[in-house]
Amino acid sequence: MECIFCKIIAGEIPAVKVLDEDLVLAFMDINPSSQGHMLVVPKKHTENIFEISDGDLAAITSAVRRCAKAAKEALKAEGVTILQLNGRASDQIVPHLHVHIMPRWENDGLSVSQWEMKPGNMEEIKDIARKVQEHLS
Ligand code: AMP
Ligand code: ZN
């Protein structure tokens, strides 16, 4: 087994666990972007949002909300950023689905959720929305 998060789930390498349930594990990120940065993962190896089953996704979503609430309360956070990456092009490094929970404070300097607010071309925006709608299932 090559996957580092599968190794954590199997207990083969250590992690600071926060929540351990049938389908889901939450543990602290060892390179925290903010105080309290943690990861929530499905126990069944799944690479990304496109592969995960609806049942596992529901379990992850529930755990993410509970962990985010607990972290917010415990650390008196003023906000919480929730981030999940799919594929190398989106900067996903570990190919085992994980949701980042990052407690946030006003002016904490974390730039993960900031981008330039430059108005787009409305014709192009509408055209893209139409194309996406054709692929909705
Ligand atoms: P990404 O795939 O870009 O969403 O990032 C992977 C995340 O996993 C990074 O934030 C790493 O710090 C974190 N990470 C990698 N290895 C471990 C580990 N052994 N224990 C906890 N967190 C880890
Ligand atoms: Zn895995």
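**A tour of the pocket and the zinc site**

Start by selecting helix H1: with 3 residues, H1 gives the largest share of the lining of the largest pocket. Keep in mind as you go that this is a predicted model.

Now show the pocket itself. The space in the largest pocket comes to about 490 Å³. Put sticks on Phe 5, Asp 29, Asn 31, Leu 39 and His 100, which are the closest to the pocket's centre among the 24 residues that line it. Next, colour the elements that give two or more residues to this lining: helix H1 (4–9), strand E2 (24–28) and strand E5 (99–104). Try colouring the lining by residue class too, and you'll get 17 nonpolar residues, 5 polar and 2 charged.

Next stop, the metal. Which protein donors does the zinc ion (ligand 2) have? Select Cys 3, Cys 6, His 45 and His 96: the cysteines offer their SG atoms and the histidines their ND1 atoms, at 2.0 to 2.3 Å from the zinc ion. Click through the angles between those 4 donor atoms and you'll find 104 to 117 degrees, so the arrangement around the zinc ion is tetrahedral. Four donors count as tetrahedral if all angles lie between 85 and 135 degrees.

Flip to the sequence view for a moment. The donor residues of the zinc ion are spaced C-x2-C-x38-H-x50-H.

Last, turn on the surface and look for the two cysteines. Are they buried or exposed? Cys 3 has 13% relative accessibility, so Cys 3 counts as buried. Cys 6 is buried as well, its relative accessible area being 13%. The cut-off for buried is under 20%.

Definitions and conventions. Residues numbered from 1 in each chain as written. Chains lettered and ligands numbered in written order. Predicted model: local features only at pLDDT ≥ 70, side-chain atom pairs only at ≥ 80, totals over all residues. Heavy atoms only, no water. Donors = N, O, S within 2.8 Å, 3.2 Å for Na, K, Ca; no water. Tetrahedral: all angles 85-135°; square planar, octahedral: opposite > 155°, others 65-115°. Buried < 20%, exposed > 50% of the residue type's maximum accessible area, 1.4 Å probe, protein only. 1 Å grid on protein atoms, 1.4 Å probe; cavity = no way out; pocket = protein on both sides within 12 Å on 5 of 7 lines; lining within 4 Å. Points joined across faces, edges and corners; volume = space filled by probe spheres on them. Helix = DSSP H or I, 4+ residues; strand = E, 2+ residues; numbered from the N terminus. Nonpolar A, V, L, I, M, F, W, Y, C, P; charged D, E, K, R; others polar.
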